[in-house]
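Reader: I would like to go through this model by question and answer. Please keep it short and to the point.

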Amino acid sequence: MEIILNYSHLNISEKMTIKQLIEDEQLAAVNLIVVNGVLENEDYELKANDEVLAIDKHKLVDGEIIKRALFARNNSYLVTALKQTKVVILGCGGIGSNVARLLVQSGIEQLTLIDYDVVDPTNLNRQFYTYNQIGSYKIDCLGDNLQAINPNVKLTKLNVHLDKDNIASYTAGYDFVIDGFDTPLMKSLIVNSSGWHGSYLILANGMAGIKPASEIVTRKLTDDVYVCGDGSNGVKPRIGLMATQVTLVASQMANKIIEIINDREKNEPR
Amino acid sequence: MIINGQVQEQPYSTVLQIISEMNLAENTLVVLINGQIVEAKDYQKALNGTEIIEVISFVTGG
């Protein structure tokens with residue numbers, strides 16, 4: 001019967017187990033086994049079309065295996081669709097940097113990052129940056145951080161201050177447009193502009209302070225516009241932005257994107 | 001006319017009027033009428049009184 005071992009097709013005998021396979025194929029020092037996306041610690045009788053990853057996790061394996069192993073624990077049928085999806089992140093702050101991180105971790109590889117600002121110390125409580133990045137441009141730092149997760153990610157980095165005159169041109173031609181702005185003016189500007197039409201627009205609204213996680217929700221405004229957040233809590237004196245709330249909103253936004261892609265794949269598999 | 005889930009006893013004549021009544025700034029929100037986003041240039045158009053209207057005001061943070 002045929003299985004896939006380390007992303008190559010292989011014919012094996014019926015009822016072969018993982019231990020037998022590793023011996024048969026003379027795979028040295030295997031200490032990480034994932035079968036069909038599930039970590040396997042016990043021996044396992046293989047079935048036809050099983051997808052097996054069997055590697056030494058202490059070694060950085062080169063080439064195609066490591067590229068694909070990054071997402072060995074994902075829903076495997078989504079790999080191609082995620083790779084082909086194009087996303088633009090408008091603003092690389094608390095929402096933008098965390099949505100970008102979650103999307104890259106999920107398997108999205110084509111991202112455009114738009115921001116004009118640098119990392120400052122007050123960002124580190126919630127944005128996906130590190131202490132040694134203070135003073136450097138966010139698009140460069142975020143780019144480095146994302147590539148540290150997946151070196152294959154294809155990034156376009158734009159040091160641009162978006163406004164009503166240019167926003168349409170910077171938001172056209174993507175599958176998803178992400179609102180990472182921090183002001184009501186810019187959030188209203190993006191949704192009321194025309195550039196994003198033809199894409200899905202995912203907005204963030206309301207994440208200040210501390211409240212039960214259940215108050216952070218995703219709402220569908222139209223067939224292609226969603227808004228995530230509590231809808232009402234803006235920043236005020238002594239009511240700031242906490243990592244837990246900001247990342248809840250970012251997670252809902254990233255989750256909605258993956259959900260949309262998943263639904264499309266289920267209906268029209270590639 | 002329903003605005004943000006509330007039935008209006010006296011319907012408003014335009015979206016602009018609604019926004020003004022809510023004490024909101026036009027450039028910090030999005031308005032939907034019957035599930036469709038309304039462009040700002042249409043805020044002055046006459047309403048017929050049967051619309052389901054949603055006004056979403058954006059807040060700081062992101």
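The exchange below covers the interface, the cores, some single residues and the salt bridges.

Reader: What kind of model is this, and how are residues and chains labelled?
Author: This is a predicted model, where local features need pLDDT of at least 70, side-chain atom pairs count only at pLDDT 80 or more, and totals for chains, interfaces and linings use all residues. Side-chain values use heavy atoms, without hydrogens and water, residues are numbered from 1 along each chain as its sequence is written, and chains are lettered from A and ligands numbered from 1 in the order in which they are written.

Reader: How much area do chain A and chain B bury between them?
Author: Start with contact, meaning heavy atoms within 4.5 Å. By that rule, 27 residues of chain A touch 18 residues of chain B. Buried area is the accessible area (1.4 Å probe) that two parts lose on being put together, summed over both. Carbon and sulfur atoms carry 61% of it here, and the total is about 1,700 Å².

Reader: Which element gives the largest share of the side of chain A that touches chain B?
Author: Count polar contacts first: pairs of N or O atoms within 3.5 Å, where within protein one must be able to donate a hydrogen and the other to accept it, and residues adjacent in sequence count only if both atoms are side-chain atoms. Between chain A and chain B, 10 residue pairs are in polar contact, both at pLDDT 80 or more. Two or more residues each come from helix 4 (94–106), helix 7 (184–192) and strand 11 (217–222) of chain A; helices (H or I, at least four residues) and strands (E, at least two) are DSSP runs, numbered from the N terminus. The largest share, 6 residues, belongs to helix 7 of chain A.

Reader: Is Lys187(A) buried or exposed?
Author: Lys187(A) sits in helix 7 of chain A. A polar atom of its side chain lies 2.7 Å from the backbone oxygen of Ala204(A). Beyond its neighbours within four places in sequence, Lys187(A) has contacts that include Asp179(A), Phe58(B) and Gly61(B). Buried means under 20% relative accessible area, exposed over 50%, partly exposed in between (1.4 Å probe, protein chains only), and at 0% Lys187(A) is buried.

Reader: Which element gives the most to the largest nonpolar core?
Author: A nonpolar core is a set of buried Ala, Val, Leu, Ile, Met, Phe, Trp, Tyr and Cys residues joined through side-chain atoms within 4.5 Å. The largest has 41 residues, and Ile95(A) and Met253(A) are among those with the most contacts inside it. With 9 residues, the most is given by helix 8 of chain A.

Reader: Which residue of chain B is in contact with Ile95(A)?
Author: Leave aside neighbours within four places in sequence. The contacts of Ile95(A) in chain A include Ala204(A), Val249(A) and Met253(A). In chain B, the partner is Gly62(B).

Reader: What is the relative accessible area of Thr247(A)?
Author: Thr247(A) belongs to helix 8 (residues 243–267) of chain A. Its side chain reaches the backbone oxygen of Thr244(A) at 3.4 Å. Thr247(A) is partly exposed, at 24%.

Reader: What is the phi of Arg238(A)?
Author: Arg238(A) lies in the loop between strand 12 (225–229) and helix 8 of chain A. Arg238(A) is exposed, with a relative accessible area of 86%. Its phi is positive although it is not a glycine, at about 70 degrees.

Reader: How far apart are the closest N and O atoms of Arg219(A) and Glu54(B)?
Author: A salt bridge is a side-chain nitrogen of Lys or Arg within 4 Å of a carboxyl oxygen of Asp or Glu. The rule finds 1 across the interface of chain A and chain B. Arg219(A) is partly exposed at 33%, and Glu54(B) is partly exposed at 24%. Their closest N and O atoms are apart by 2.5 Å.

Reader: Why are Glu64(A) and Arg68(A) separated by about one helical turn?
Author: Glu64(A) and Arg68(A) form a salt bridge, with the closest N and O atoms 3.4 Å apart. Both lie in helix 2 (residues 63–69) of chain A, and the separation is about one turn because their spacing in sequence is 4 residues.
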